[in-house]
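Let's take a walk through this model together. Keep the viewer open and turn the structure as you read.

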Amino acid sequence: MPLRLNVSALVLASAGALLAAALFFGGGSDDADVLPVALASLFLAGAAVVAMLSGLLPRPRLDGTGLAFLGLLGGFAVWSGLSVWWSIAPDLSWNLFNRELAYVAFAVAGLYVGAVVPGSLRAVATGLPVALGAVIAWALLGKVFPSLVAEGGHVARLRSPVGYWNALALLGAVAVVLGLWLATDAGRSRAARVASAVLVYGAIVAVVLTYSRSGIALMALAALAWVVVGRAAFETLAVLALAAAAAAPVLVYAFLSPGITDDGQAYSVRVHDGALFAPVVLAAAGCGSDATTRSD
């Protein structure tokens with residue numbers, strides 16, 4: 001039993017570190033920056049497979065949906081690799097193939113987390129919102145401290161630390177759904193539900209500041225879909241409404257401040273507007289938290 005617990009902790013810690021590296025150091029669409037993360041994912045997935053073949057790890061069990069997912073993902077990666085033979089830009093096709101191999105490796109690593117870690121669903125449900133919250137917090141800190149973002153004066157769209165605004169918006173949409181779920185989960189403590197509501201608020205602010213139209217639309221559709229399919233529609237709507245109401249004054253201030261939302265602004269302007277942006281964000285988060293606590 002102690003050995004199994006140590007192996008479980010090692011697998012969970014390795015997968016968590018890999019996820020954090022992808023979120024903070026993946027480099028967005030840059031192929032050079034993603035290479036270390038891709039190699040690490042391939043190493044971790046390969047080590048897990050070798051450990052399974054050696055009898056050190058159990059074999060993951062997959063249902064039909066899981067098999068279909070892995071089959072389609074692997075098939076897409078193989079097709080991308082084969083396309084190098086007829087592509088008019090084989091170097092770009094090869095880069096895509098390498099990236100998709102990393103995606104497959106991430107999926108394999110996730111399989112072993114599910115197979116080895118006791119209560120893996122709860123562990124992921126807790127760890128993923130924490131990781132996404134850290135990403136959103138860092139993204140917003142880039143507006144408060146402009147020096148954290150390289151070339152932040154040229155492009156105001158929120159993109160750090162992921163490196164690409166559409167990708168950051170997609171993560172924000174995921175954070176909204178996870179936050180709504182956790183904020184209405186009666187099995188969680190009040191503090192955890194309030195923190196989840198704050199995650200929804202921060203994600204809304206961050207997604208809008210990415211200027212990603214597809215990300216904003218996806219966030220809205222995902223939130224509404226969760227209201228429909230979730231078991232607590234009224235509570236979910238209440239959390240969503242409070243988070244949106246808290247985010248509204250922050251976004252109004254942001255769009256009235258050139259140092260927050262306009263391209264090509266001087267560093268002094270971004271520092272000045274960022275210094276005012278911080279208390280606005282914190283005050284709105286505090287008001288939203290208080291309202292959430294009162295409505296609980």
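Is proline 146 buried or exposed? Proline 146 is buried, because its relative accessible area is 5%, and the cut-off for buried is under 20%. You will find this proline in the loop between helix 5 and helix 6. Leaving aside neighbours within four places in sequence, proline 146 is in contact with Tyr267, Arg270 and Val271. Now look for alanine 173: proline 146 and alanine 173 are 27 residues apart in sequence, and their C-alpha atoms are 24 Å apart in space.

Before going further, a word on confidence. What you are looking at is a predicted model. The protein has an average pLDDT of 89, and 95% of the residues score at least 70. Confidence is lowest in helix 1 (residues 2–25), where the mean is 81, and highest in helix 6, at 94.

Stay with the loop between helix 5 and helix 6 for a moment, since proline 161 lies there as well. The peptide bond that joins serine 160 to proline 161 is cis, with omega at about 5 degrees. Just along the chain, you can pick out an aromatic pair. The rings of tyrosine 164 and tryptophan 165 have centres 6.0 Å apart, and their planes meet at 45 degrees, so this pair counts as tilted. Tyrosine 164 is partly exposed, at a relative accessible area of 33%. Tryptophan 165 is also partly exposed, at 22%.

Next, the interior. In soluble globular proteins, nonpolar side chains tend to be buried together. Here the largest nonpolar core has 46 residues, and those with the most contacts inside it are Val176, Tyr201, Val205, Leu209 and Phe277. Helix 5 (120–144), helix 6 (165–183), helix 7 (190–209), helix 8 (213–229), helix 9 (233–255) and helix 11 (267–295) are the elements that give two or more residues to this core. Helix 7 gives the most, with 11 residues. Select valine 205 to see some of the packing: not counting residues up to four places away in sequence, valine 205 touches Leu140, Ala247, Val250 and Leu251. Apart from the largest core lies another core, of 13 residues, among them Val11, Met52, Ala105 and Val117.

Three of the residues touched by valine 205 bring us to helix 9, where Ala247, Val250 and Leu251 are among the buried residues. Others buried in helix 9 include Thr236, Val239, Leu240 and Tyr253. Does the length of helix 9 agree or disagree with what its residue count predicts? At 1.5 Å a residue, the 23 residues of helix 9 should span 33 Å, and the end C-alpha atoms are 31 Å apart, which agrees. If you look along helix 9, you can find a bend of about 25 degrees at alanine 248, and proline 249 follows within four residues.

The connection between helix 7 and helix 8 also deserves a look. Tyrosine 211 lies in the loop there. Although tyrosine 211 is not a glycine, it has a positive phi of about 60 degrees. Tyrosine 211 is partly exposed, with a relative accessible area of 26%.

Finally, turn to helix 4. How far apart are the ring centres of tryptophan 94 and phenylalanine 97? The model has five aromatic pairs in the count. In this pair, the ring centres of tryptophan 94 and phenylalanine 97 are 5.3 Å apart and the planes are at 45 degrees, so the pair is tilted. Tryptophan 94 and phenylalanine 97 are three residues apart in helix 4 (residues 90–116), which means that about one helical turn separates them. Tryptophan 94 is partly exposed, at 43% relative accessibility, whereas phenylalanine 97 is buried, at 16%.

Arginine 99 is found in helix 4 too. What is it in contact with, leaving aside neighbours within four places in sequence? Arginine 99 is in contact with Gly28, Ser29, Asp30, Asp31 and Val34. At 15% relative accessibility, arginine 99 counts as buried. To finish, move to serine 120, which is found in helix 5. Serine 120 is buried as well, with a relative accessible area of 14%. Not counting residues up to four places away in sequence, serine 120 touches Val113 and Gly114.

Key. Residues numbered from 1 in each chain as written. Predicted model: local features only at pLDDT ≥ 70, side-chain atom pairs only at ≥ 80, totals over all residues. Heavy atoms only, no water. Core = buried A, V, L, I, M, F, W, Y, C linked by side-chain atoms within 4.5 Å. Buried < 20%, exposed > 50% of the residue type's maximum accessible area, 1.4 Å probe, protein only. Contact = heavy atoms within 4.5 Å. pLDDT = per-residue confidence, 0-100. Phe/Tyr/Trp six-rings, centres within 6.5 Å; stacked < 30°, edge-to-face > 60°. Expected span 1.5 Å × (residues − 1). Bend = angle between axes of the 7 residues up to and from the residue.
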